[in-house]
Amino acid sequence: MEEDKAQLEFANRQLAALAETAKVFGATPTEDELLSVAPRQLTQSLEFDRATIWYYRDGTFSLASYHFEHDPPERIARWLEHIEQKGDRYPPHFHRAVVERRTIHVANLRDDPEWTVDDTIEPDVTSLVITPLILSSGPAGVLIGNLDIQQRAFTDADIARLETFATMLALRLDNIRNYQQLETLVSERTAALRSSEDRFQSIETNISDIICSVSPDGLITYISPNVGMYTDATPADIVGHSWADSAHPDDQGRLRRFLDSMAAPDHYESGVEARWQQQDSSWVWWGVKGAPIMNEDGTLREIIIVSRDITEYKEMIAQLASANDQVRTKQAQLVQSEKMASLGLLVAGIAHEINTPVGAIHSMHDTLVRAVGKLRKTISDSVGDDHPATAKLVKALEVIDEANRVIDSGTQRVTEIVRRLRAFARLDEAELKTVDIHEGLDDTLMLMHHELKRGVTIERDYGELQPIPVYPGRLNQVFLNVINNARQAMDNQGTITISTRLSEQQITIRIGDTGPGIAPDHLKRIFDPGFTTKGVGVGTGLGLSIVYQIIEDHRGEITVESTVGEGTTFTITLPTNLDELVPT
């Protein structure tokens, strides 16, 4: 009975010691401080005689920290001298613990064939427990505990305590390193947020994790006092309540699954994110890491949980995503600008090549018309209108006249097409030009004539407009995109109505179609970068976002109205005094 009571008291003392260890670790902000305090915590709180921590890098070990609770200074000095003389020669047990990621118990150093005399740290050291420090990035070193001064053998409970301690130490090291990596990531990839550097330094200086322990049924059994920084409740108010139920309703299920995973220590989740409410009633994101404490029979005894405020990190990620979307849109605009510039150069070259033969045709056509006229007069003067051959010659000349009219019409159409192509693909789109909006619309329709003629009817309702300053090439790109979207929406069958109006100091352009319309849930996202309703491989989702940006650059506005089953109308509003609004 007395023995059972003593064991119970010992177990309770060790549980309290682990909770105290979690509190001490949570209040230790740097890796150097953590390595300094950990061995002392192991010996003083968990009643080990000696504790050492060895770092493992590039296949070798180096002493990181140590604490001998009962040894005199001269003995510690001899031990340090011995360590220095050994150099990089260490027992194979160190490497095995790291490589195999398991705890190694050397019950008797003298009977262990792998532990040579040279490996023995001190003559009276007979046994050690070596457990690896496993971080998320891999093994970081080993933690070694010793009980020789107490002159008792290691029990499974001793080894379990050492392993739990090592897990807590590795978890805290992970937290510290992850936070340092987070700071590096933020520093490297958020140049736009450098103005808030002082605020982040203040957070770094004053940050403190919240440590708590949770029972297997999910009730809080301990929470660190610094919880008062985030809530009006005291630790006494919180202990005994459900840990998961205190979180945001949408996160409670995820937290319960996280707790349930702790019952399988080889497969438990290493971390989770959730929201808790703070003093001002706002919800704050926390990054949570946990480590299970197991009973000797393998059942879950308790869970040690470390939580850190990651709200600003989440906001930074959202801002980075937004910045990436903006960069993507700008890149697409640049690509489109390059395409338009290349098109302009191509059209200019083609126009030159076409104009030369067309000019020759037109010139020879004039010559042919005059020659036919002279031939007709010569026939009339020489043969006479009553001659039998005259009727046949007149009929042949009429055929030539008809051919001349066809040639004249064709050359004029080719000349007009080339002129409109050059007008559409302007090379001076970076400069403001005063242009006729109707001309830009007609140029666009002419360019799309081949696509539209197969079943699309164009209805023009042009008002009286004055020429206004715009970026012609970019505005033509808007017309092309909106009209082409309308054509695709109608599947090349329907009516596109284009109307223009002038009111006060702005011009309104409305482009409507008789297509199937746009669903309301899609309508509010129609200008978002990357959003498309055309399906995979058909649309990039950048067209209307670029259109939106171009109209904004014109200090204008574009809106959309749509009724499912009836059609869609885009309304573009442009100022008539853009040259006064844009700085020179």
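**Close-up 1. Arg50 over the face of Phe68 in the predicted model.** In this predicted model, Arg50 lies over the face of Phe68, and the distance to the ring centre is 5.7 Å.

**Close-up 2. The charged end of Arg308 over the ring of Tyr179.** Here the charged end of Arg308 sits 4.7 Å from the centre of the Tyr179 ring, over which it is placed.

**Close-up 3. The aromatic pair of Phe25 and Phe165.** A search of the whole structure finds 13 aromatic pairs, and one of them is formed by Phe25 and Phe165, whose ring centres are 5.5 Å apart. The planes of Phe25 and Phe165 meet at 70 degrees, and because planes over 60 degrees apart count as edge-to-face, the pair is assigned to that class. This pair links distant parts of the chain, since Phe25 belongs to helix H1 (residues 2-26) and Phe165 to helix H5 (residues 156-189), with the two positions 140 residues apart. Phe25 is buried, with a relative accessible area of 3%, and Phe165 is likewise buried, at 0% relative accessibility.

**Close-up 4. The tilted aromatic pair of Tyr56 and Phe61.** The rings of Tyr56 and Phe61 lie 4.9 Å apart from centre to centre, with 45 degrees between their planes, and the pair is tilted. Tyr56 has a relative accessible area of 22% and is therefore partly exposed, as the limit for a buried residue is under 20%, whereas Phe61 is buried, with a relative accessible area of 4%.

**Close-up 5. The aromatic cluster that includes Tyr56 and Phe61.** Tyr56 and Phe61 belong, together with Trp54 and Phe94, to one aromatic cluster.

Notes
Residues are numbered from 1 along each chain as its sequence is written. This is a predicted model: local features need pLDDT of at least 70, side-chain atom pairs count only at pLDDT 80 or more; totals for chains, interfaces and linings use all residues. Side-chain values use heavy atoms; hydrogens and water are left out. Rings of Phe, Tyr and Trp (its six-membered ring) pair if their centres lie within 6.5 Å; planes under 30 degrees apart count as stacked, over 60 as edge-to-face and the rest as tilted. Helices (H or I, at least four residues) and strands (E, at least two) are DSSP runs, numbered from the N terminus. Buried means under 20% relative accessible area, exposed over 50%, partly exposed in between (1.4 Å probe, protein chains only). A charge sits over a ring if NZ of Lys or CZ of Arg is within 6 Å of the ring centre and within 35 degrees of the ring normal.
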